[in-house]
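Student: Before we discuss this model, could you show it to me, so that we can ask what its descriptions rest on?

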Amino acid sequence: MGKINNVTVFIFWGLSQSPVVQEVCFAVFSFFYAIILLGNLLIMLTVRVGNLFTSPMYFFLNYLSFVDICYSSVTAPKMIVDLLAKSKTISYVGCMLQLFGVHFFGCTEIFILTVMAYDRYVAICKPLHYMTIMDRNRCNKLLLGTWICGFIHSIIQVALVVQLPFCGPNEIDHYFCDVHPVLKLACTDTYVVGVVVTANSGTIALGSFVILLISYTVILVSLRKQSAEGRRKALSTCGSHIAVVIIFFGPCTFMYMRPDTTFSEDKMVAVFYTIITPMLNPLIYTLRNAEVKNAMKKLWVRKVFWDPNGK
């Protein structure tokens, strides 16, 4: 029997059914999304104008900000518009594209954070060989690898869902198309697909998290040999990285390291890693990093308030 697919449109339940709560959420999340765009664009601008691209750490930070903008833009604008809409619908194709986008940019972010941990490991544990190991060629290859791995992961997720029949129920108890909520609507047994999806996402989330924890543990242990000033500077940088990792991986692990089940808390947990983390990343990296703060001050003084060249 061929695949039956009567469903052309999915309907989101959204974050809440209460009009008052929806209006409050509209104001809050519009503000959050504006901060995501402004904060991450400011970091990208600072890295480019402040000539920080030569440093591998800022090379990757620039692309992390870019991925954060893309990642939140896959879900946030649609969610914000839907908060004031009477009917919250998305086409079947739109749903599959959103599912692809969430996993593509989310997975790429995971791998960029892992690469940034490797960069800090080399910088702190092998300082004399740092620029040799992390040359531009190596950085480009690592960056390309993060995008390729993200693509492979997300294409697997979408391929698993696309081949399922959807013949009746089309209401998704979420505010965007994610694998587990969509699997619940399929008109067939999704146990095997659910196991593969969990294995795919779970392996990446948990595997990367373990690698990150080991990397930062090795870094923190090696800091004992550093001078007080070197230790303080390294702790400042690593502290911001560790904060971002915990904020991002905590909710991700909760969502994807379990069998094919959905909980009522899922929507709030998803808000955390699709909106809160991309918003906090620029704040954490700038407030805890003297080099980025100085570059921003120079950028604004030079470009906005005062140009020493008289232009």
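Tutor: This is a predicted model, and one place to begin is helix α3 (residues 92–125), which lies across β1, β2 and β3 and runs at about 90° to β2.

Student: What makes β1 and β2 paired strands?

Tutor: Pairing requires at least two bridges between the strands; three bridges join β1 (residues 9–12) to β2, so the criterion is met and the two count as paired, running antiparallel. Val 9 stands opposite Ser 91 in β2.

Student: Why are β2 and β3 said to stand at the edges?

Tutor: The three strands form an open sheet in the order β2-β1-β3, with mixed pairing. Because β2 (89–91) and β3 (171–172) each have a single partner strand, one side of each is left without a neighbour in the sheet.

Student: Turning to empty space, how many cavities of 30 Å³ or more does a search of the whole structure find?

Tutor: The search finds three, and about 140 Å³ of space lies in the largest cavity. The elements that give two or more residues to its lining are α3, α7 (191–222) and α8 (228–256), with the largest share, five residues, coming from α3.

Student: Which residues lie nearest the centre of the largest cavity?

Tutor: Of the 14 residues that line the largest cavity, His 103, Ile 110, His 153, Cys 252 and Tyr 256 lie nearest its centre.

Student: How do you know what classes of residue make up that lining?

Tutor: Cys and Tyr count as nonpolar, whereas Asp, Glu, Lys and Arg count as charged; sorted by class, the lining of the largest cavity has 10 nonpolar, four polar and no charged residues.

Terms used
Residues are numbered from 1 along each chain as its sequence is written. This is a predicted model: local features need pLDDT of at least 70, side-chain atom pairs count only at pLDDT 80 or more; totals for chains, interfaces and linings use all residues. Side-chain values use heavy atoms; hydrogens and water are left out. Helices (H or I, at least four residues) and strands (E, at least two) are DSSP runs, numbered from the N terminus. Contact means heavy atoms within 4.5 Å. Axes are lines fitted to C-alpha atoms, for helices over the stretch in contact, and angles run from 0 to 180 degrees between N-to-C directions. On a 1 Å grid over the protein atoms alone, a cavity is a set of points where a 1.4 Å probe fits but cannot get out, and a pocket is an open set with protein on both sides within 12 Å along at least five of seven lines; lining residues have an atom within 4 Å of a point. Grid points are joined across faces, edges and corners, and a volume is the space filled by probe spheres set on the points.
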